[in-house]
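Trainee: Got a minute to go through this one with me? I'd like to start with the strands and then jump around a bit.

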Amino acid sequence: MQQKPFGKLPSGPRQERILKSPQYQGDGFQNILETPMLADDISYFRMFKEYFFHDDERRPTQILPSVRTDLKALPDGEPTLVWFGHSSYLLRIEGKTILVDPVFSDRPSPVQFAGTKAYPIQTPYSLDDLPELDAVILTHDHYDHLDYNSILKLKRHTKKFYTALGVGSHLAYWGVTESHIQEFDWWDSATIFPGIQLTATPARHFSGRGFTRYKTLWVSFVLQTPTHKIFLGGDSGYDDSFKKIGQTFGPFDLALLECGQYDRKWPLIHMAPEQTVQAAVDLQARVLMPVHWGKFTLSVHPWRDPIRRATKQAAILGQKLTTPLIGEAIRLNSYLPNTPWWEERMG
């Protein structure tokens with residue numbers, strides 16, 4: 001019998017819609033460019049050996065600093081964002097509260113007794129700290145972006161779930177009401193609230209929980225209001241899509257882009273930090289906020305390597321960064337912190 005955290009593959013009317021998608025070819029969704037998961041000279045045996053027997057600075061040796069923000073009292077005057085580490089963050093915009101890729105479990109895993117454990121922080125956040133949510137946005141179905149335990153609790157406090165084509169099958173299986181789920185194919189667009197437009201845009205990645213892959217789609221999102229544009233990047237390797245999205249929707253006030261969990265063994269499904277900065281330039285982003293780092297070790301690079309390299313490349317290319325502490329509220333018009341907190345007494 002299928003275990004609940006693995007989710008459920010699409011079927012019925014949802015699968016019928018998937019089969020009509022231009023992205024669904026053969027027996028699964030495809031990237032725009034050919035995108036093998038691993039480099040040609042890499043085996044799964046070698047990958048697992050390096051991961052489990054690699055002794056370096058992959059995890060911090062001290063508790064990470066953080067800021068305790070009252071999430072239920074975020075201001076309405078300007079877009080405000082609070083990062084929880086990795087790719088989870090809360091956005092308050094146009095009077096609406098939106099949570100992106102929430103993972104509040106200790107491990108991004110189908111079971112909580114195995115898998116990489118979250119880094120300790122000074123003032124941890126839990127789901128109980130969140131306000132009532134107008135929306136949850138989910139970019140794809142990997143465990144470090146779609147967390148079973150978080151969804152079980154959030155479904156009682158969330159009006160709407162917006163996600164990639166097919167991912168709604170997991171949500172419905174876990175008890176989210178079908179009418180509360182809206183799925184997007186690439187370039188689908190909808191007015192999700194008065195004055196707030198959400199458009200799904202391409203990403204170069206893959207999907208799957210367990211051993212079955214490519215049955216649900218992976219996306220990035222463009223969030224537009226009358227005064228601001230924000231790019232919600234999800235996971236993606238680098239390609240020309242960023243330039244196309246920038247030409248179509250840019251310039252952006254803020255781009256949240258993956259910056260971490262890369263490796264030479266899988267160079268096409270995740271970006272190196274230098275590519276992250278170039279993607280922000282391609283998007284015509286006024287400010288780049290690197291995410292997908294600072295909470296979980298999913299690769300073999302040192303935990304600070306992503307942000308160090310991104311900061312260096314941003315200086316070279318003249319790309320403005322914001323690097324808040326976990327829990328620190330950034331305000332898009334007036335407060336964009338960029339202190340190198342990861343260098344301060346950190347192991």
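Mentor: Sure, we'll take some strands, a few salt bridges and then a pocket. Keep in mind that this is a predicted model, where local features need pLDDT of at least 70, side-chain atom pairs count only at pLDDT 80 or more, and totals for chains, interfaces and linings use all residues. Residues are numbered from 1 along each chain as its sequence is written, and side-chain values use heavy atoms, with hydrogens and water left out.

Trainee: OK, strand 6. Which way do its residues point, and are they buried or exposed?

Mentor: In strand 6 (residues 135-138), A135 and I137 point one way, V136 and L138 point the other way, and all are buried. Buried is under 20% relative accessible area, exposed is over 50%, and partly exposed is in between, using a 1.4 Å probe and protein chains only. Strands here are DSSP E runs of at least two residues and helices are H or I runs of at least four, numbered from the N terminus.

Trainee: Why the alternation?

Mentor: Because side chains in a regular strand alternate between the two faces of the sheet.

Trainee: And what does strand 6 pair with?

Mentor: Strand 5 (residues 96-100) pairs with strand 6 in the parallel sense over three bridges, with I98 opposite A135. Strand 6 also runs parallel to strand 7 (residues 161-164), joined by three bridges, and there V136 has F161 as its bridge partner. From strand 6 the chain crosses through helix 3 (residues 148-154) to strand 7 in a right-handed β-α-β crossover. Pairing takes at least two DSSP bridges between the strands, and right-handed means that, with the strands pointing away from the viewer, the path from the first strand over the helix to the second runs clockwise.

Trainee: What comes after strand 7?

Mentor: Four bridges join strand 7 to strand 8 (residues 181-184), again parallel, and A164 is partnered with F184 in strand 8. The chain gets from strand 7 to strand 8 through helix 4 (residues 168-173), and that β-α-β crossover is right-handed.

Trainee: Switching topic: how many salt bridges are there?

Mentor: The count is 13, where a salt bridge is a side-chain nitrogen of Lys or Arg within 4 Å of a carboxyl oxygen of Asp or Glu. One of them joins D128 and K153 at 2.4 Å, N to O. D128 sits in the loop between strand 5 and strand 6 and K153 in helix 3, so this pair ties together parts that are 25 residues apart in sequence.

Trainee: How exposed is D128, and what about K153?

Mentor: D128 counts as exposed at 52% relative accessibility, while K153 is partly exposed at 28%.

Trainee: Which one sits within a helix?

Mentor: D305 and R309 meet at 3.3 Å, N to O; both lie in helix 7 (residues 305-317), four residues apart, about one turn of the helix. There's also a network of salt bridges linking R14, E178 and E183.

Trainee: Last thing, the second largest pocket. What's its volume, and what lines it?

Mentor: Its volume is about 320 Å³, and 15 residues line the pocket, with D106, A118, P124, Y125 and K295 nearest its centre. The lining divides into nine nonpolar, three polar and three charged residues. D106 also forms a salt bridge with K117 (3.6 Å, N to O).

Trainee: What counts as a pocket, and how are the residue classes set?

Mentor: On a 1 Å grid over the protein atoms alone, a pocket is an open set of points where a 1.4 Å probe fits, with protein on both sides within 12 Å along at least five of seven lines, and lining residues have an atom within 4 Å of a point. Points are joined across faces, edges and corners, and the volume is the space filled by probe spheres set on them. Ala, Val, Leu, Ile, Met, Phe, Trp, Tyr, Cys and Pro count as nonpolar, Asp, Glu, Lys and Arg as charged, and the others, Gly among them, as polar.
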